[in-house]
Amino acid sequence: MTAQLIDGIALSKTLRADVAARAAALPRRPGLAVILVGEDPASAVYVRNKVKACAESGLHSVFEKYDADFAEAALLARIAALNTDPAIDGILVQMPLPRHIDAQKVIAAISPDKDVDGFSVQSAGELASGLPGLRPCTPFGCMKLIESTGQNLKGKHAVVIGRSNTVGKPMALLLLQANATVTVCHSATADLAGHVRQADVVVAAVGRRNTVTAEMVKPGAIVIDVGMNRNDEGKLCGDVDFAGVREVAGWITPVPGGVGPMTITMLLVNTLQAAEKAQGLAR
Ligand SMILES: Nc1nc(=O)c2c([nH]1)NC[C@@H]1CN(c3ccc(C(=O)N[C@@H](CCC(=O)O)C(=O)O)cc3)C=[N+]21
């Protein structure tokens, strides 16, 4: 069996067209502020892609770039200004931040209404409580990729590998809300392979290549690869041994071209959602 590819670029195209149509129907264009502190080259690429994606979907965006030694207080002051800026519906501060800046403080400073990353305590609480709210973009995108297979998660066993606040934890909650039975594995899990073998859905968010191999995967499973690693040749690769696992799985996401583009797409969706709410068009 060779797995069907879940194409994050194609799905992104469809969803971004819907964002563009809904954005065009609003009295005021949705606006996203993207803040980058420091010189990390990978962050610079991601941030540029986010700004470009906004333009392509007809969203307004502003990009603010600061030197690595930008003071925490100055960053908090910028966020306070954006919180009350009526042209801005979403605020994204690119992570990781320089060590002298407390990321938790920064996240807490963003108005929950503009928390398009879904990283705030309010957004996390809404997700955990099953209330509507802004969902973290990467796991939200993974759910859309899983939904695109047409498989109902009711009665299915999902195994999430990784327990970060940005991916693993919210992923588990989203899968739970979709009626899956959920197991969360992490670095202290005794028998990772034993758990993964039980999974109808595997979401790998570890940050180490070849964490999921063909022998660990149940035939026909849905495999979602959140990993972003470099192999020995410097090529981008995920946490899953793609060549091996695609011969066993039912569906698999590629890296690149899977979760990455969907993360940006869900940022656009969240910005649109925040704008609709701000303009009295809640949905
Ligand atoms: N506040 C904050 N929010 C984030 O959402 C956030 C962040 N900080 N910090 C860094 C991570 C990483 N991230 C990615 C988004 C898209 C791709 C993406 O589009 N990847 C392409 C490949 C890009 C390439 O070729 O390098 C793909 O997978 O096809 C990757 C990574 C968002 N992040």
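The protein chain of this predicted model contains ten helices and eleven strands. Its radius of gyration is 19 Å, close to the 19 Å that the globule rule gives for 283 residues, so the chain is as compact as a globular protein of that length. Along the principal axes, the C-alpha atoms occupy a box of roughly 50 × 40 × 35 Å. Buried residues make up 46% of the 283 in the chain. Among contacts with a separation of 6 or more, 69% are between residues 24 or more positions apart.

Two domains are assigned within the protein chain, namely domain 1 (28–111) and domain 2 (136–260). A distance of 29 Å lies between their C-alpha centres. The UniProt record, an unreviewed entry, offers a further view of the chain: it places the feature "domain: Tetrahydrofolate dehydrogenase/cyclohydrolase catalytic" at residues 6–117. In the model, that span is 46% helix and 16% strand, and its end C-alpha atoms lie 23 Å apart. The feature "domain: Tetrahydrofolate dehydrogenase/cyclohydrolase NAD(P)-binding" is placed by UniProt, again in an unreviewed entry, at residues 136–278. Here the span is 35% helix and 17% strand, with 19 Å separating the end C-alpha atoms.

With the domains in place, the ligand can be considered. It is surrounded by 18 residues, of which the closest are Gln94, Met95, Pro256, Gly260 and Thr263. Both domains take part in this shell, since at least three of its residues come from domain 1 (28–111) and at least three from domain 2 (136–260). In terms of secondary structure, helix H2 (41–56), strand S4 (90–93) and helix H10 (259–278) each supply at least two residues of the shell. The most generous contributor is H10, which gives four residues. By residue class, the shell around the ligand consists of twelve nonpolar residues, five polar ones and one charged one.

Some of the ligand's neighbours are also worth a look for their backbone geometry. Met95, one of the closest residues to the ligand, is joined to Pro96 by a cis peptide bond with omega of about 0°. Pro96 is found in the loop between S4 and helix H4 (103–109), and S4 is itself among the elements that supply the ligand shell. A cis peptide bond also joins Val255 and Pro256, again with omega of about 0°. Pro256 is another of the closest residues to the ligand, and its place is in the loop between strand S11 (251–252) and H10. For context, most peptide bonds are trans, and most residues other than glycine have a negative phi.

The backbone also shows positive phi values at two asparagines. For Asn179, phi is near 75°, a positive value in a residue other than glycine. Asn179 sits in the loop between helix H7 (168–177) and strand S6 (181–185). With 13 C-beta neighbours inside 10 Å, Asn179 counts as partly exposed. Asn210 likewise is not a glycine, yet its phi is positive, at about 60°. The loop between strand S7 (201–204) and strand S8 (222–225) holds Asn210. This residue, Asn210, has 16 C-beta neighbours inside 10 Å and therefore counts as partly exposed, because the partly exposed class lies between 12 or fewer neighbours, which is exposed, and 20 or more, which is buried.

Terms used
Residues numbered from 1 in each chain as written. Predicted model: local features only at pLDDT ≥ 70, side-chain atom pairs only at ≥ 80, totals over all residues. Rg over C-alpha atoms; globule rule 2.2 N^0.38 Å. Contact = placed C-beta atoms within 7 Å. Near = placed C-beta within 6 Å. Nonpolar A, V, L, I, M, F, W, Y, C, P; charged D, E, K, R; others polar. Domains from an automatic or database assignment. UniProt positions renumbered as here; feature names shortened; annotations may be inferred.
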